[in-house]
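Colleague: I am still learning to read protein models, and I would be grateful for a close look at a single part of this one. Could you take the surroundings of the ligands as the centre and then lead me outwards from there?

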Amino acid sequence: MNQNNKQKLLAVADSCVKCGLCLPHCPTYTHTQNENESPRGRIALIQAWSNGQLPISPNLLNHIDSCLLCRACEKACPAVVPYGKFIDDFRAEVHEDKKPPFTARLLKNIVQNKNSLHILKQTLNFYQKHNIQALARRLRVPTLFGLKKLERLIPLPQEAPILQTYYPAKTTKKKETKGDVGLFVGCMGELADSETVFSTIDILTCVGFNVHVPQHQTCCGALALHEGDKNTSDHLATQNTNAFSQENLQAIISIASGCGSTLREYNTVEFSSKVMDISHFLMQKEIDLSNLLVALKAKVTLHSPCSLKNGLRTEKSVVKLLQQIPQIALTTLPETIQCCGAAGSYSLRHEKMAQTLLDELLDITSPQSTDYLVSSNIGCSLHIAAGLREKNMNIAVIHPIVLLARQLKTAKAS
Ligand code: SF4
Ligand code: SF4
């Protein structure tokens, strides 16, 4: 191991005063009551390993791998221990010593390659349109091929036009545009969340922004980063930084908080400082959509992804934005609900914990109290929607911006 990296890990570990204030906020500790499954315990394990007091072992790797990287501990920590980066850095050091399961490796390889994503999209369309999905599930084909955990996440089919690289503002001649923004679509946007992509474009152009969608953008690299594959995550970061350097953009808009929190932490400050979640961007710009929106008489429950509340820390913007919809009955999930268990590829690696956390959320949700469950992160949405389908609970899971765009009046020029 590189001695310099070891010293860096020790310096961060030393900044933890072992007070334990983070423990009640940690989902894995809450459910196991095992100190090794807590933030403080994991820091102590890495400290002991870096000191040479603890050898690398499957047990050590498992305790670190079972961390969701939800960063609830980081938010609660009075000593401001940069826990998320600390775990990422440790995982990068031991990357060669562990092999993630097949489904997690498959997902990581697909999302970082545009050709693979395109082929997968065509395959999924065929799979769903020709009713093969239902038949395959009945015959337990995904289980036989070891793909059940991945297959359950497939969303309902979405029809979408081909994505262009530029959408001009829909302004009248009397009004100037508000400027240019870039849209980060991410690997999952086009594949599994095209309505969010086009809703974002609709809203942004409607309120006066020109939207650029750089063609050479790629996956944000979160899956690779959190797995410890630093070479891949660095390569993807460079590709995205270059893709968005062409335009004079006042902001780079992310529509999945998991991607957004990763993009915000790229080393290139000119890029990362411009990244904003769509809801936060609209609220920062004091965009008032209320006169453009049709009333919605529906019960809407807001799910705040960990990457939004503990990473980006902009969950309040989503509330303010949704409150612009006339007559909306908006509630938020109680504070006791921790991470939903999706956490990137976590649900593929730690099925039991992911299901326990999901069940907690589903147990307090019912079609009687909720028409829509809105979430700003596609990974959480797919995981929660799969859980709802499996429990035959008819609740739509959508992005907040989709809810807004569906309420846009037809005469929508600014
Ligand atoms: S709250 Fe911070 S300082 Fe206290 S034990 Fe947790 S990580 Fe360490
Ligand atoms: S990131 Fe989340 S799961 Fe990991 S130690 Fe912190 S609170 Fe626990």
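Modeller: What follows begins at the two ligands, moves to a helix beside them, and then widens to the rest of the chain. Please keep in mind throughout that this is a predicted model.

Around ligand 1 there are 15 residues, and the closest of them are C16, C19, C22, C77 and A79. Sorted by class, this shell holds 12 nonpolar residues, 1 polar residue and 2 charged residues. Two helices, α3 (39-50) and α5 (72-76), each contribute at least two residues to the shell around ligand 1, and α3 gives the most, with 3 residues.

Ligand 2 is surrounded by 14 residues, of which C26, P39, C67, C70 and C73 are the closest. Here the elements that provide two or more residues are α2 (27-32), α3 and α5, while the division by class is 10 nonpolar, 2 polar and 2 charged. Helices α3 and α5 are thus named for the shell around ligand 1, and they are named again for the shell around ligand 2.

That makes α3 a good helix to study with care. Its 12 residues reach 16 Å from the first C-alpha to the last, close to the 16 Å expected at 1.5 Å a residue. The buried residues of α3 are P39, R40, R42, I43, L45, I46, W49 and S50, and what covers them includes α1 (3-15), α4, α5 and α6. P39, which belongs to this buried set, is also one of the closest residues to ligand 2. After α3 comes G52, whose phi is positive, near 85°.

A positive phi also appears at R71, with a value of about 65°, although R71 is not a glycine. R71 is found in the loop between α4 (58-65) and α5, and it counts as buried because it has 25 C-beta neighbours inside 10 Å, where 20 or more are needed. It is instructive to set R313 beside it, since R313 too is not a glycine and has a positive phi, of about 60°. R313 lies in the loop between α19 and α20, and with 14 C-beta neighbours inside 10 Å it counts as partly exposed. For an exposed residue we can turn to K99, in the loop between α6 (83-93) and α7 (102-111), which counts as exposed because it has 9 C-beta neighbours inside 10 Å. The chain also brings K99 and E227 to a C-alpha separation of 9.5 Å, although their positions lie 128 residues apart along the sequence.

From α2, one of the elements in the shell around ligand 2, we can step to α22, whose buried residues pack against α2, α21 (346-349) and α23. The buried residues in question are M353, A354, L357, L358, E360 and L361. They cover an arc of only 150° around the axis, and therefore lie on the same side of α22. On the other side of α22, K352, D359 and D363 are exposed. Helix α22 (residues 351-363) has 13 residues, which at 1.5 Å a residue should span 18 Å, and its end C-alpha atoms are indeed 18 Å apart.

A similar pattern can be followed in helix α20 (residues 315-322), where the buried residues are E315, S317, V318, L321 and L322. Because their arc around the axis is only 155°, these residues are on the same side of α20. They pack against α18 (278-284), β6 (299-303), α19 (306-312), β7 (329-332) and α24 (400-406).

Finally, let us look at the chain as a whole. Its secondary structure comes to 24 helices and 9 strands, and 45% of its 414 residues count as buried. In soluble globular proteins, nonpolar side chains tend to be buried together. In this model the largest nonpolar core has 104 residues, and those with the most contacts inside it are I252, I253 and I384. Helix α23 (residues 378-390) gives the most to this core, with 7 residues. Leaving aside residues up to four places away in sequence, I253 touches V181, G182, L183, F184, T200, M276, I278 and F281. Among contacts in the chain with a separation of 6 or more, 76% join residues 24 or more positions apart.

Notes
Residues numbered from 1 in each chain as written. Chains lettered and ligands numbered in written order. Predicted model: local features only at pLDDT ≥ 70, side-chain atom pairs only at ≥ 80, totals over all residues. Near = placed C-beta within 6 Å. Helix = DSSP H or I, 4+ residues; strand = E, 2+ residues; numbered from the N terminus. Nonpolar A, V, L, I, M, F, W, Y, C, P; charged D, E, K, R; others polar. Buried ≥ 20, exposed ≤ 12 C-beta atoms within 10 Å, placed from the backbone. Arc of directions from axis to C-beta. Contact = placed C-beta atoms within 7 Å. Core = buried A, V, L, I, M, F, W, Y, C linked by C-beta atoms within 7 Å. Expected span 1.5 Å × (residues − 1).
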